[in-house]
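Colleague: Could you take me closely through one part of this model, the sheets and the strands that build them, and then carry on from there to the spaces and the ligand? I would like one connected account rather than a list.

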Amino acid sequence: MSVDDGTRDETVDVLVVGAGAAGLCAATWAGRTAAAAGRRLSVVAVDSARKLGAKILVAGGGRCNVTHWQVTEADYAGSTPASIRKVLRRFGVAETVRFFADAGVELKREDTGKLFPVSDSARTVLDALVREAGRAGAALVHPAKVLTVARTAAGFVAETAAGRFVARRVILCTGGKSLPKSGSDGSGFALAAGLGHTLAEPIVPALVPLVLPPGHWITSLAGLTLPTEVRLAGGNGRSLATVTGSTLCTHVGLSGPAILDVSRHWLVARHADPAVRLALNWLPGTTLEELDRRLVEAAGRGALAVLREQLADRLARMLCELAGAPATGDLPRDARRRLASLVTSTPLEIVGDRGFAAAEATAGGVPLAEVRLETMESRVCPGLFLAGEVLDVDGRIGGFNFQWAWASGFVAGSAAATAALQTPTDTDAGRAAGRTSTS
Ligand SMILES: Cc1cc2nc3c(=O)[nH]c(=O)nc-3n(C[C@H](O)[C@H](O)[C@H](O)COP(=O)(O)OP(=O)(O)OC[C@H]3O[C@@H](n4cnc5c(N)ncnc54)[C@H](O)[C@@H]3O)c2cc1C
């Protein structure tokens, strides 16, 4: 790793822009691909961050949820499932597990299906990625924000805060906009657009907590976590998405896996149809009619007693009160129907989200339709490769976003190196002349 003084003027074979999860992976596989061919390429990964890998370090609450035991295209949104599948299958969970094991990081599977390092420390994951990139011969240069990337007849010229890089191939791994203080500030989208790409809109936070109106009754339940089913419907009532999982009530709204997973669907759908609606079932798997029947059968025991079998006391009381249903004693039919409806379908008047600073991923970006899936090379700008969250692919909670970074980083890094090896490289010429490679 080198910290830079701003005066570089280098020619490299492969320039990786962004040394996060996808970029470190791409740099490693670019170097390994050259080595496997008995050649050497100058591979340089530049990153704007002073400290590399901030996002890896905070991932999974500091434990880094590296992947999931089972990953399919159904775990993602954005570009088409078929295109996502094509990339995922090139570097699956088994390859991820082997890559990290070879790098000295054993992974363990938890009950949720998520895979974490046995060390329970994200630091071991970041250290391994940096070490493997170095072992593969890639140089890491930072802080060096890439300001522009221009296409030239021979390749690319990248102007950075640390100087100029002339590169035969560029791999864009700048991430999205989530956690901008980590360095992923969305500037990669402008670089991609400057090289001719379109961006799938809207570009909105994904895996982000949602906000309710100030003083909403749910905010008084802050700290409560419980299993739920969250449903998203269009203004016409058509079901758009259903997510089952736990929900956390917060002092400003809602969070937890089910809410985080549905958040990108709500934000993207609302962009097209402001009338979209979210509703929450506090008893997942129970329909209005089933709950109504249970309330009838339990006549005499009182509504509160029935709800408390599955719900926290303060939530059960709140629901009875809001539905105008007596907590104890007889339950008139109208009140019973109102209560059953509220419990199984509480309308959520979402007024916003916590923004990119609180989001774990980004929805939107460069559509996969604009890259060749077998190489991740741009269809609109040959010689440019893309990987990671800069692409229009975002996964649900559980290690899926990193798996996308590893898979797309592998494909882009290997293919960019293969392409660079097809022409005599500066490094080859330098070796022939007895010159050593770049730092
Ligand atoms: C709090 C949090 C927790 C998360 N936990 C998990 C988890 O446990 N499991 C999981 O699968 N996913 C998790 N994610 C999501 C995951 O971190 C991302 O999907 C993944 O890091 C994306 O990889 P990437 O390499 O594409 O982008 P990033 O990791 O964002 O890396 C992009 C890099 O590019 C650099 N960069 C950006 N623009 C420029 C520029 N112009 N010039 C130079 N460098 C630039 C940035 O500094 C950054 O280092 C989490 C995200 C957050 C925010």
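**Sheets, spaces and ligand**

Modeller: In this predicted model, seven strands make up an open sheet whose order is 18-17-14-15-16-13-19, and the pairing in this sheet is antiparallel. Its edges are held by strand 18 (346-348) and strand 19 (352-353), each of which has a single partner strand, so that one side of each is left without a neighbour in the sheet. At the strand 19 end, the partner is strand 13 (residues 210-211), which runs antiparallel to strand 19 and is joined to it by two bridges. Within that pairing, Leu210 has Asp353 of strand 19 as its bridge partner.

A second open sheet is formed by three strands in the order 4-7-6, again with antiparallel pairing. Here strand 4 (67-68) and strand 6 (107-109) are the edge strands, and each of them pairs on one side only. Strand 4 is joined by two bridges to strand 7 (residues 114-117), the two running antiparallel, and in this pairing Thr67 has Leu115 of strand 7 as its bridge partner.

Strand 9 and strand 10 offer a further antiparallel pairing, with five bridges between strand 9 (residues 146-151) and strand 10 (residues 156-160). These two strands form a hairpin in which four residues lie between them, and Arg151 stands opposite Phe156 of strand 10.

Some backbone details belong beside these strands. Most residues other than glycine have a negative phi, and most peptide bonds are trans. Against that background, the peptide bond between His142 and Pro143 is cis, with omega at about -5 degrees, and Pro143 sits in the loop between strand 8 (139-142) and strand 9. Another cis peptide bond joins Glu201 to Pro202, with omega at about 0 degrees, but Pro202 is found within strand 12 (residues 200-206). Asp120, a residue other than glycine, has a positive phi near 55 degrees, and its place is in the loop that runs between strand 7 and helix 5 (122-135).

From the seven-stranded sheet, strand 15 leads on to the second largest pocket. The space in this pocket comes to about 400 Å³, and it is lined by 23 residues, of which Val243, Asp261, Arg396, Ile397 and Phe400 are the closest to its centre. The elements that give two or more residues to this lining are strand 5 (76-78), strand 15 (239-249), helix 7 (257-272) and strand 24 (393-395). Helix 7 gives the most, with five residues. By class, the lining of the second largest pocket divides into nine nonpolar, eight polar and six charged residues.

There is also an enclosed space to consider, since the structure holds one cavity of 30 Å³ or more. About 40 Å³ of space lies in this largest cavity, and its lining is made by Leu295, Ala298, Ala299, Gly300, Arg301, Gly302, Ala303, Val306, Gly329 and Leu331. Six of these lining residues are nonpolar, three are polar and one is charged.

The ligand, finally, has 32 residues around it, and the ones that come nearest are Asp47, Val146, Ser184, Glu389 and Phe402. Two of its nitrogen contacts are with the backbone: a backbone N or O atom of Ser48 lies 3.1 Å from a nitrogen atom of the ligand, and a backbone N or O atom of Asn65 lies 3.0 Å from a nitrogen atom of the ligand. Lys55 contributes through its side chain, where a polar atom lies 2.9 Å from an oxygen atom of the ligand. Taken alone, the ligand exposes 1,000 Å², and the protein buries 94% of that area. Helix 1 (21-36), helix 2 (54-62) and helix 12 (400-421) are the elements that give two or more residues to the shell around the ligand, and the largest share, four residues, comes from helix 2. Sorted by class, this shell has 13 nonpolar, 14 polar and five charged residues.

Technical notes:
Residues are numbered from 1 along each chain as its sequence is written. This is a predicted model: local features need pLDDT of at least 70, side-chain atom pairs count only at pLDDT 80 or more; totals for chains, interfaces and linings use all residues. Side-chain values use heavy atoms; hydrogens and water are left out. On a 1 Å grid over the protein atoms alone, a cavity is a set of points where a 1.4 Å probe fits but cannot get out, and a pocket is an open set with protein on both sides within 12 Å along at least five of seven lines; lining residues have an atom within 4 Å of a point. Grid points are joined across faces, edges and corners, and a volume is the space filled by probe spheres set on the points. Ala, Val, Leu, Ile, Met, Phe, Trp, Tyr, Cys and Pro count as nonpolar, Asp, Glu, Lys and Arg as charged, and the others, Gly among them, as polar. A residue is near a molecule or strand if one of its heavy atoms lies within 4 Å of it. A polar contact is a pair of N or O atoms within 3.5 Å; within protein, one must be able to donate a hydrogen and the other to accept it, and residues adjacent in sequence count only if both atoms are side-chain atoms. Accessible areas come from the Shrake-Rupley method with a 1.4 Å probe; for residues, only the protein chains shown count as cover. Two strands pair if DSSP finds at least two bridges between them.
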